[in-house]
Amino acid sequence: MTQNIKEMQQQIDLLGLTLRPHTKAHKIPALAQMQIDAGAVGICTSKLGEAEVMAKGGIHDVLITTPIAGAVKYHRLIALCKEHPKTVIRQVIDHPEHVKAIARLATETGIEVGLLVEVESGQMRCGVMPDESLVELIELINRTEGVRYDGIQAYSGHLQLVKGYQVRQQTAFDAVRDVFAFIDTTLAPRDLKPGIVSGGGTGTFAAYPGLGYTEIQSGSYIFMDATYAAIGDELCDVTNRQFSPALKVLTTVISHPAANRAVVDAGMKSLSIDLGMPKVTTYPEVTYQCGGDEHGILHLPEGHRQLKVGEVLTMLPSHCDTTLHNFDVLYGVRDGMVVEQWAIEGRGRSD
Ligand SMILES: Cc1ncc(COP(=O)(O)O)c(C=O)c1O
């Protein structure tokens with residue numbers, strides 16, 4: 001994990017960009033601080049609840065990358081900014097309603113909130129189109145007291161796991177080409193050029209040479225997972241060796257009902273399966289099948305040696321974010337010894 005942190009920082013430094021790691025993968029202020037100590041400018045969180053955890057944990061610069069809505073959330077955002085006046089807290093928005101609601105409360109409280117406008121970047125999720133609606137939203141921010149136009153977010157989440165390095169880089173570049181053309185042809189001449197352009201992930205951090213991103217939001221690189229390990233890198237189209245799989249889950253064999261079938265105590269409440277099945281690191285030839293909330297069924301090839309009931313196996317999750325979210329504590333292991341442990345403070349803070 002520590003090597004992954006160093007490696008990504010070095011890669012981003014070489015690209016002449018800044019790194020703002022997404023902490024939705026780990027949700028632990030102490031790990032966020034390690035990323036900042038390695039050179040990151042600040043961090044991202046997906047949710048307001050995670051941002052509250054990070055600010056309380058002493059992180060000085062937080063970008064909330066998902067728009068919020070509803071009176072309760074707006075009040076919490078303002079309260080967070082007020083409680084941490086020395087912390088830079090920015091919110092991503094994509095609608096005039098966000099601007100007005102945040103501005104009204106900020107003005108009443110006597111503070112100013114920095115906003116990044118999310119721009120549609122191929123995923124058709126949140127984000128305004130790079131057209132006159134973007135201009136109108138920026139101009140609304142600029143003429144509204146209580147909010148500040150700090151830049152844009154252009155993140156193509158759907159392209160992070162595209163297999164094959166070259167095709168992923170090209171697809172990611174093409175997905176945001178229009179956004180940057182619009183900045184040059186329309187925003188810049190009107191003095192609306194974004195100060196910050198934030199985006200990119202573990203799969204695409206190097207995909208945008210010359211385009212104008214200022215900071216990269218990669219997150220999963222800190223742990224990697226079986227899905228990320230199979231997207232390919234510059235040297236190999238089917239394996240990614242830029243970063244090492246660092247997140248493992250231990251599970252215990254609880255039953256061995258047949259010669260070719262054993263059962264472990266990790267089901268989908270431990271190992272998420274939204275991106276496919278985890279890998280059995282201890283026995284790569286054995287395959288895992290989800291057996292429900294608390295069971296995992298292992299299929300042993302013909303003639304495989306029988307496992308011991310009580311034997312502890314190591315699993316490589318298929319998706320680090322959704323797996324980590326199932327646990328309270330992360331253990332730091334070096335040379336087979338537990339050397340650290342961290343409470344996963346942002347766990348459950350998707351509020
Ligand atoms: C807005 C945003 N930025 C960055 C990331 C980090 O991407 P990755 O974990 O693929 O590095 C995510 C992940 O979902 C995200 O939602």
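**Exercise 1. Find the hairpin formed by strand 9 and strand 10, and state how many residues lie between them.**

Solution. Strand 9 and strand 10 form a hairpin with 2 residues between them, where a strand is a DSSP run of E with at least two residues, numbered from the N terminus. In this hairpin strand 10 covers residues 261-264, and its antiparallel pairing with strand 9 runs over 3 bridges; strands count as paired if DSSP finds at least two bridges between them. One of the bridges can be located by residue, since A258 has R261 in strand 10 as its bridge partner.

The model is a predicted one, in which local features need pLDDT of at least 70 and side-chain atom pairs count only at pLDDT 80 or more, while totals for chains, interfaces and linings use all residues. Residues are numbered from 1 along each chain as its sequence is written, and side-chain values use heavy atoms, with hydrogens and water left out.

**Exercise 2. Place strand 9 in its sheet, and determine which strands lie at the edges.**

Solution. Begin with the other partner of strand 9 (residues 249-258), which is strand 14 (residues 312-316): the two run antiparallel and are joined by 4 bridges, and V249 stands opposite M315 in strand 14. Next, write out the whole order, which is 11-14-9-10-13-12 for the 6 strands of an open sheet with antiparallel pairing. The edge strands are then strand 11 (279-280) and strand 12 (287-290), each of which pairs on one side only. For strand 12 that pairing is with strand 13 (residues 296-299), antiparallel and over 4 bridges, and C290 has G296 in strand 13 as its bridge partner.

**Exercise 3. Describe the segment that UniProt annotates as "domain: D-serine dehydratase-like".**

Solution. The unreviewed UniProt entry places this feature at residues 246-334, and such annotations may be inferred rather than shown by experiment. Over residues 246-334 the chain is 39% strand and 6% helix (a DSSP run of H or I with at least four residues), and the end C-alpha atoms are 11 Å apart.

**Exercise 4. Decide whether V333 is buried or exposed.**

Solution. First locate V333, which lies in strand 15 (residues 329-334). Then apply the limits, in which buried means under 20% relative accessible area, exposed over 50% and partly exposed in between, with a 1.4 Å probe and protein chains only. V333 therefore counts as exposed, because its relative accessibility is 54%.
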